[in-house]
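Biologist: I've got a new protein on my screen and I'd like to get to know it. Can you walk me through it?

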Amino acid sequence: SSLLPVIEYIGIDNNQNLLNEGRKRNPSEKFMEGDLLEIPLSDSAVDRTFCIAALHHIPSLELREKAVKELKRITKKEGYIIITVWNLWQKKYWKSIVKAIFHKYEWNDLFIPWAKKIDRYYHAFTKSEFKKLLKSEFEIVEFFKYSHNFCAVCKKK
């Protein structure tokens, strides 16, 4: 018998191509289609929840708050939630940020070209705005900037 803990991984995405790629690379893991606003798991289903580079694609504060509540809902009490968002306050994105100022988007909402084919929606979180959103539902255990991301390790209260 192994001394290592048994880890059950569940990958959830709303993009079937990404799910298929995940299955191909990790055939022994579980993947399912789902949405950050309605995660297809029961209440308190997981010990650790990871939301990597997804929250910044959710339009409107109301929907981002709903997404954070969903992350809380599926996580067990005293469980951890790790969330990363891109830090878009970089020189290479200034053109998109300035362009957004002249449109009627919500504050810090922008569209950035993806694969030079399509503009994709992003919310450019400030550090304080990201922390405020998380503090409404979680205890922030650790908060740091890593590469071009804001990263938060949170605990369900």
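Modeller: Sure, and keep in mind that this is a predicted model. Let's start with Ala 152, which counts as buried at 0% relative accessibility.

Biologist: Okay, so which strand is the place of Ala 152 in?

Modeller: Look toward the end of the numbering, at residues 149–156. That stretch is a strand, and Ala 152 is part of it. The strand you want is β8.

Biologist: And how far apart in space are Ala 152 and Ile 118?

Modeller: In sequence, Ala 152 and Ile 118 are 34 residues apart. Ile 118 is not listed among the contacts of Ala 152, which include Ile 81, Ile 82, Phe 130 and Leu 134. From C-alpha to C-alpha, the distance between Ala 152 and Ile 118 is 29 Å.

Biologist: Now Thr 49 in strand β3: is Thr 49 buried or exposed?

Modeller: Leaving out residues up to four places away in sequence, Thr 49 touches Leu 71, Ile 74, Thr 75, Tyr 80, Ile 81 and Ile 82. The relative accessible area of Thr 49 is 5%. The cut-off is under 20%, so Thr 49 is buried.

Biologist: How many disulfides does the structure hold?

Modeller: Let's check some cysteines. A disulfide needs two sulfurs within 2.5 Å. The sulfur of Cys 51 has its closest cysteine sulfur in Cys 154, 10 Å away, and for Cys 151 the closest is also in Cys 154, at 11 Å, so both are too far for a bond. For the structure, the number of disulfides is 0.

Biologist: Is Cys 151 buried or exposed?

Modeller: Here we go by relative accessibility, with buried meaning under 20%. Cys 151 comes out at 7%, so Cys 151 counts as buried.

Biologist: Zooming out, what radius of gyration does the protein have?

Modeller: The C-alpha atoms fill a box of roughly 60 × 35 × 30 Å along the principal axes. A compact globule with 157 residues would have a radius of gyration near 15 Å, and the protein agrees with that. Its value is 17 Å.

Biologist: Last one: in what order do the elements run from the N terminus on?

Modeller: You're looking for 4 helices and 8 strands. Write α for a helix and β for a strand, then follow the chain from the N terminus. The order is β-α-β-β-α-β-α-β-β-α-β-β.

How values were computed: Residues are numbered from 1 along each chain as its sequence is written. This is a predicted model: local features need pLDDT of at least 70, side-chain atom pairs count only at pLDDT 80 or more; totals for chains, interfaces and linings use all residues. Side-chain values use heavy atoms; hydrogens and water are left out. Helices (H or I, at least four residues) and strands (E, at least two) are DSSP runs, numbered from the N terminus. The radius of gyration is taken over C-alpha atoms; the globule rule is 2.2 Å times the number of residues to the power 0.38. Buried means under 20% relative accessible area, exposed over 50%, partly exposed in between (1.4 Å probe, protein chains only). Contact means heavy atoms within 4.5 Å.
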